[in-house]
Amino acid sequence: MRLMPAMHISLLLCIFAGISLRATPALSPTEAPESPEIRDARMAWFRDAHFGMFIHFGLYSTYGGVWKGQVRKVNNCAEWMMLAARAPRAEYAKAAQTFNPTGFDADAWIQAVKNAGMRYIVITTKHHEGFALFRTKASPYNIVDATPFGRDVIAEIAAACRRHGVRLGLYYSQNLDWYHPGGGGGEWDPTHAGDSEAYVRNIAIPQLRELMTNYGTVDLLWYDIANGVVSGDNAWRIHQMVHRLQPNIVVNNRLGRGTPYDVQTPENFIPATGIPGKDWESCISMNNSWGYAADDHNWKSTRELLHRLADITSKGGNMLLNMGPDGSGRMPEEALRRLREMGDWLRTNGEAIYGTRAAVFPQTPSWGRFTLRHGADGNDTLYAIVFDPPASGELLLPGLTTPIRSAYRLDNGKKLPLKVRQGAPSGPSIVMDKEVGALQDFVIAITLDGQARVSEAIAPDAEGAFVLLPRLAKCHGGMRVEEINITGLDGSHTSEEHLGYWLSPSAGAQWSFRSHQPAKYTVELRYAAPEASAGSAIALVVGEQSLPFIVRPTGSWNRFTSVNLGEVSLPAGTHTLSLRLDKLQGEAPCNVGILRLKPVP
Ligand code: FHN
């Protein structure tokens, strides 16, 4: 059922007024989840934002990854120095006695966020070190009570966010806490031993309650490190408390224990096809550390950061770009410069990012990325974010069937028209003249006459290849796109879009695709299979040709690898590729990821 626009608006008004219309996920394992309409209204700001700043700031910022003159990090992460150095908690905590980040200026930080074109922030309120950046009655180990600085950083940040119209996200390490006895981890220091239940009930839950109560509207809660010392009962207790105190809050998937979540959290990687039908956010470090690392000068270039933002947005996600201020509270100049440059690009090209949704094309073009804006009047706009124009001078819109009204390049507020070629079998294309063809990192807006649609039969990309995504398959017998839940932490980041439940020969899937000239193709399969499936026999069948494959285990149902199954020769026309199961070992032969047919030159 689609809500009437008026209803939708009133629903949004209620939500923004903080009136809970069951605008929250289920508050208990037995409660019915919120309706899709209410969830869409609650998630709208997040889905439109696409770009936020992650801020890792704490006592670890004063150490910069160095303990007694030695660089000590875990996987390049300086905020893990306490564990890397196995620093005794009492000794590590001495840094609080001199922690006085006089360079901290909440307005300057949030102004930098806004100038960068970021729509929200997520700041660490307490990381694994256990030190709180806010006033808390649960523990004296906090910036107000334990340091000469004596100010509540979270309160000042929250106020600055409200002043500048930036959404407020709070990060909280509810499981790992290397200072408070009973917290997760910290076992290298015998004095850390304690009752985990007591830690959760006396530190984690009270502090989360303070964060959800004392700082006004909190738009996003970023739990970190799911499960651990937080039991199922406590996880649901936390979940219920958070959503009762902040009914419209968005939460990530790192509380765990089966509690509902809104956002999946791949970390320093971008799922190849995004996460179909799910809200997700890739957190990306600007160098190699989340916390300030004095020795880490491996800064990603502005261009690379912009390309990742475009890539993530084109796949329906958000980029949470990290900043690690140093112990004085200053943001590193190398990072600030990148933020300024990203903001400059977004001031000209931001309409291709903000408010857009995942591209309508299954293929990821080699020259850049597509994004899509749904028009309120039913007429969509495609955006081509062109990193490096193709040598052909034409941008193919593979299989697009919606008529194109116009195409123009965005140039500092100007709309510079471009020629559209329509009617070719492979789909329409945008023609770039020599001058445009020499540019980089620009945006072409393509206004459509109706909703963006592509042909039922998958069209070839600009290189003549076919990308057969799991979500585009017609499945039968129970085979289907399987739910995935990606966090960057537990290695499940190898998960990717795939078809699962291939439980018998009567189950299967097929794709329809259309070639425009005769060609030979190599066929590449991405698949994942546990040990028990080894020896299963499958085949990919296209017309009279079949490519058999004896399954070799990849390690798990989620660990994907690519295998080249051979070649097929196809005439021009519409074809069907289907899966065939000839011999089953174990529960299923494998999970099936992306299939690619690449023309043989
Ligand atoms: O261990 C933390 C790490 O320090 C950092 O905060 C990242 C950010 O996503 N989260 C955990 C690792 O997944």
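**Figure 1. The overall size of the protein chain, seen in a predicted model.** A compact globule of 601 residues would have a radius of gyration near 25 Å, and the protein chain comes in at 26 Å, which agrees. Along its principal axes, the C-alpha trace spans about 75 × 60 × 55 Å. Looking for the secondary structure? You'll find 13 helices and 29 strands in the protein chain.

**Figure 2. Inside and outside of the protein chain.** Of the 601 residues, 57% count as buried. The accessible surface adds up to about 23,600 Å², and carbon and sulfur atoms account for 52% of that. Now for the contacts: take those between residues at least 6 apart in sequence, and 72% of them turn out to join residues at least 24 apart. As for charge, the chain carries 59 positive and 59 negative charges, and the mean positions of the two sets are 1 Å apart.

**Figure 3. Phe361 and Phe370, a tilted pair of rings.** Across the whole structure, a search turns up 23 aromatic pairs. In the pair formed by Phe361 and Phe370, the ring centres are 4.6 Å apart and the planes sit at 50°, so the pair is called tilted. Stacked would take planes under 30 degrees apart, and edge-to-face would take over 60. Both partners are tucked away: Phe361 has 6% relative accessibility and counts as buried, and Phe370, at 3%, counts as buried too.

**Figure 4. An aromatic cluster with Trp109 among its members.** Here several rings come together in one group. Its members are Phe57, Phe99, Phe104, Trp109, Phe131, Tyr141, Phe149 and Tyr179. If you're picking them out in the structure, note that Phe, Tyr and Trp all take part in this cluster.

**Figure 5. Arg86, a non-glycine residue with a positive phi.** Have a look at the loop between α4 (81-84) and α5 (89-92), where Arg86 is found. Arg86 isn't a glycine, yet its phi is positive, at about 50°. With a relative accessibility of 54%, Arg86 counts as exposed, because the cut-off for that label is over 50%.

**Figure 6. Arg257, another arginine with a positive phi.** This time the loop runs between two strands, β7 (250-251) and β8 (263-264), and Arg257 is found in it. The phi of Arg257 is about 55°, a positive value, although this residue is not a glycine. Is Arg257 buried, exposed or partly exposed? Its relative accessible area is 35%, so Arg257 is partly exposed.

Key: Residues are numbered from 1 along each chain as its sequence is written. This is a predicted model: local features need pLDDT of at least 70, side-chain atom pairs count only at pLDDT 80 or more; totals for chains, interfaces and linings use all residues. Side-chain values use heavy atoms; hydrogens and water are left out. Helices (H or I, at least four residues) and strands (E, at least two) are DSSP runs, numbered from the N terminus. The radius of gyration is taken over C-alpha atoms; the globule rule is 2.2 Å times the number of residues to the power 0.38. Buried means under 20% relative accessible area, exposed over 50%, partly exposed in between (1.4 Å probe, protein chains only). Contact means heavy atoms within 4.5 Å. Accessible areas come from the Shrake-Rupley method with a 1.4 Å probe; for residues, only the protein chains shown count as cover. Lys and Arg count as positive and Asp and Glu as negative; His and the chain ends are not counted. The place of a charge is taken as NZ of Lys, CZ of Arg, CG of Asp or CD of Glu. Rings of Phe, Tyr and Trp (its six-membered ring) pair if their centres lie within 6.5 Å; planes under 30 degrees apart count as stacked, over 60 as edge-to-face and the rest as tilted.
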